[in-house]
Amino acid sequence: MSDARNAFVERCGFPLDRFQTDAMDAIDAGSSVVVAAPTGSGKTIVAEYGIERSLSRGRRAFYTAPIKALSNQKYNDLVARYGRDAVGLLTGDNAINGDASVVVMTTEVLRNMIYAGSSGLDAVEVVVLDEVHFIQDTYRGPVWEEVIIHLPHHVQLVCLSATVSNTDEVAEWMTTVRGSTRAVIETRRPVDLDVLFMAADRTSDSEHLLPVLVNGRPNNDAGRLFDQGVRPRRRGSYRPRARRVFATPARIEVVDRLQDEDLLPAIYFIFSRNACDEAAASCVRQGVRLTTPDERRRIAAIVDERLGGLDRDDLDVLGYAQFVTQLEAGVASHHAGLVPPFKETVEACFVEGLVKVVFATETLAVGINMPARSVVVEKLSKFTGEHHENLTPGEFTQLSGRAGRRGLDDRGHAVVLWNPFTTFDQVAALAASRSFRLTSSFRPTYNMAVNLVRSYSSDEARHLLNLSLAQFQADRDVVRLEARLEKRLERLDELRAEAESPYGDIHEYRARLEGVPRVRSESAIEFALSRLRPGSVIQVDKGRIIGPAVVLSAAHRAGGVKLSIITGDRSMTNLTARDFSRPPEVSGRVELPVPFAPSRPEFQRDVVEQLSKLVLRGAEAVVVDEDRSAVHPVEDDPDLPLRLRAAAQVDRLEREIDQTREQVKGRGNSVARRFDRVLRVLDDMGYVNGWSLTAKGDVLASTFHESDLLVAEALTGGLLDGLEPADLAALVSVFVYEHRSSEPPPAPWYPSNEVRRRSRAIETISRELRVVEERERLSVHRAPDPTYIAVAYAWASGEDFAEVVEAEELSGGDFVRTMKQLIDLLRQIAVMAPESTTRRSADHGAELLLRGVVAASSAVLGVDS
């Protein structure tokens with residue numbers, strides 16, 4: 001064991017569990033790890049060791065998290081350990097010390113760094129991917145796979161996940177695409193969990209609180225009791241109807257019972273924001289008081305520390321008085337409708353044991369470190385906005401994982417409440433289930449596609465897509481073939497370098513030596529063609545076209561690469577691999593005029609003029625020399641035998657590569673087929689030309705948004721140009737806001753006729769794009785929503801928070817979250833907009849929005865705040 005590891009273990013101050021030491025052994029051996037363990041079991045210890053080991057070797061470490069709140073929490077944890085100078089934070093809200101040795105960031109930030117080819121990745125030795133089970137999230141899951149696939153292979157990954165049933169499969173996939181990866185699985189909870197079922201008994205004015213499982217099996221006594229609780233009765237001549245003996249316990253009754261059973265503190269999960277608020281307020285109205293005078297004084301200090309900087313009028317709008325009254329009583333609500341400072345205040349009070357009951361939506365189950373002695377699950381179904389869905393075993397595990405505090409509780413308790421739509425047997429099945437399979441949600445997006453075109457050849461891009469977990473789960477043989485292909489291509493590059501002779505063309509010499517024309521390698525020629533970019537100058541010998549030519553485009557078709565070229569006499573033609581006897585070499589480069597219009601005479605004249613002035617590097621036209629009698633200069637090479645052996649291996653390996661590619665083509669390739677459909681859309685809309693990005697494609701490559709193509713269309717179509725900052729902020733809000741209420745949205749308000757015209761133009765583009773996406777069987781983008789235009793304009797124009805929120809009947813949390821998303825998109829536009837005036841207007845618009853409660857919600861409270 002190394003000195004660094006000994007020092008780390010000693011600092012932990014407690015004996016490590018077997019799964020932790022197993023994971024550390026794997027890291028020491030140079031492997032990546034996927035650690036799947038229950039909430040609160042100490043997965044973070046493994047991540048901290050990976051960071052510590054990297055720092056001890058003079059390297060950098062990144063820690064990624066799925067949500068900003070978790071990133072902020074982890075940033076403060078690491079600052080406390082390593083000091084503020086050594087730790088940085090990069091999220092959509094904050095950029096603090098980004099060159100630090102340890103940087104915490106959202107997963108999207110790391111993905112963007114990879115696509116941008118950031119030099120900040122060069123010294124990174126380990127990346128922690130926290131909450132990696134987010135890989136199955138519909139909208140954000142692909143980001144995790146992009147990171148895993150594209151991150152340089154020398155970087156070790158430490159992936160932390162909730163308990164899933166296919167951890168070995170995920171580790172096998174990562175081994176296939178990245179190299180040695182160890183699955184480390186811990187199924188035991190650090191604190192044993194009892195799942196209880198609670199029902200109000202109408203016949204005795206009391207509650208039943210019974211274990212769901214006994215010795216790991218359904219509790220038969222409880223099952224019989226609740227089955228008997230439905231009694232038939234007759235009314236007239238009608239059929240028997242059920243008369244319920246049991247009912248859902250009232251929330252105040254549940255809190256009282258938990259207090260009597262010494263099961264507080266508790267997190268009480270209710271899948272409705274309004275219901276969470278009403279539950280907390282109801283407890284206070286009914287006289288609940290769970291705090292001591294000393295605890296109330298400490299609560300007041302935390303409130304002052306966290307909320308003292310907010311404007312008093314803003315606090316009044318946010319319901320400050322009721323919020324504080326509830327905290328002092330020891331109860332609180334916690335959901336996305338609260339502004340971040342309020343949520344953080346609740347979390348701080350709960351962690352210190354001051355608040356005893358938090359009524360929360362399921363968002364609290366993600367990441368944030370808030371363990372409790374008990375959790376209550378009011379219903380085993382939730383409304384998605386369209387319909388009700390039952391909780392999955394994985395979701396129930398996430399919720400119940402909060403129960404039981406290591407070192408404080410002997411047991412944790414998850415209490416499920418009776419309701420008429422869920423039977424006891426269903427509760428028992430959910431409590432006993434260990435099935436939580438991680439399923440990929442990977443799909444090629446428009447932004448992903450243009451970044452692949454910009455960074456890789458066509459074959460490389462399809463190869464990378466075929467490495468996805470989605471493809472692995474659909475057909476793991478394809479991923480294995482692609483991994484084998486990748487290794488062979490790497491070896492091919494090495495052998496080609498070994499075969500190159502400084503004295504001449506070794507392949508030409510072999511052809512003469514063997515008395516036959518040189519063997520044409522389709523694989524080598526196709527590979528060379530795929531590397532060509534518009535503007536490359538190559539030597540051509542096809543019929544009457546002989547000499548230098550400029551590549552106009554390289555289109556990647558099912559039959560191979562097709563080049564469009566123009567020569568010095570303005571002749572234009574198409575070439576394929578069959579037109580070359582050996583791979584063409586680039587002998588120079590010209591800048592193609594903008595806009596790209598090769599059919600125009602002025603475009604052709606510009607290209608030919610540049611070609612005539614170009615000093616070529618002396619590459620000769622690709623022809624087969626039939627004169628084999630002369631002595632070849634390669635014979636003077638002292639390493640000629642080694643060169644010939646390597647060249648022979650190149651031929652054999654190229655044949656194997658061609659065979660492997662044919663095998664890949666013969667498989668399903670569902671992800672690659674979807675990628676081809678995405679490319680068709682981008683080609684039709686002018687974002688790619690062949691396998692090259694257009695100016696529009698460059699904009700899309702920097703657009704990281706759920707509706708990326710729609711944003712890029714509006715931006716490149718000039719719809720965001722020439723607007724004042726407040727008008728621009730208002731218009732851009734159509735991309736970030738989504739009306740989710742079952743009630744119809746209010747009629748949109750526009751600050752000017754021009755903004756109205758442009759908003760409707762964006763709606764027209766959206767409708768046209770929807771038709772294209774449905775035709776290509778792609779996921780349909782979210783349509784623009786003008787509802788928020790009035791809010792964004794008012795806030796950017798300087799109106800008070802109280803006026804804006806009260807007029808529009810918005811929750812503080814929704815207002816802040818949407819404003820932060822709008823600021824993030826404006827900041828992107830401030831970088832990628834083609835027009836400088838638009839960039840300045842977007843930057844100014846973001847500054848106008850970042851004020852008051854929005855700015856306070858973006859701040860990071862340091863460990864010494």
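## Exercises on helix packing and cores

The axes of helix 13 (residues 320–329) and helix 14 (residues 340–351) cross at roughly 10° and come within 12 Å. The model is predicted: local features need pLDDT of at least 70, side-chain atom pairs count only at pLDDT 80 or more, and totals for chains, interfaces and linings use all residues. Residues are numbered from 1 along each chain as its sequence is written, and side-chain values use heavy atoms, with hydrogens and water left out.

**Exercise 1.** Classify the crossing of helix 13 and helix 14, and describe their contact.

*Solution.*
1. Angles under 35 degrees count as roughly parallel, so helix 13 is roughly parallel to helix 14.
2. Helix 13 contributes Tyr320, Phe323 and Leu327, and helix 14 contributes Phe342, Thr345 and Val346; contact means heavy atoms within 4.5 Å.
3. These residues comprise five nonpolar, one polar and no charged.

**Exercise 2.** Find which residues touch the most other members of the largest nonpolar core, and which helix supplies its largest share.

*Solution.*
1. A nonpolar core is a set of buried Ala, Val, Leu, Ile, Met, Phe, Trp, Tyr and Cys residues joined through side-chain atoms within 4.5 Å, where buried means under 20% relative accessible area (1.4 Å probe, protein chains only).
2. The largest such core has 100 residues, and Phe342, Phe815 and Met819 touch the most other members.
3. Helix 32 (residues 812–832) gives the largest share of this core, 10 residues.
4. Beyond its neighbours within four places in sequence, Phe815 has contacts that include Tyr788, Trp795, Phe801 and Val853.
5. Apart from this core lies another of 68 residues, among them Val109, Ile114, Trp144 and Leu679.

Technical notes
Axes are lines fitted to C-alpha atoms, for helices over the stretch in contact, and angles run from 0 to 180 degrees between N-to-C directions. Helices (H or I, at least four residues) and strands (E, at least two) are DSSP runs, numbered from the N terminus. Angles under 35 degrees count as roughly parallel, over 145 as roughly antiparallel, 65 to 115 as roughly perpendicular and the rest as oblique. Ala, Val, Leu, Ile, Met, Phe, Trp, Tyr, Cys and Pro count as nonpolar, Asp, Glu, Lys and Arg as charged, and the others, Gly among them, as polar. Buried means under 20% relative accessible area, exposed over 50%, partly exposed in between (1.4 Å probe, protein chains only).
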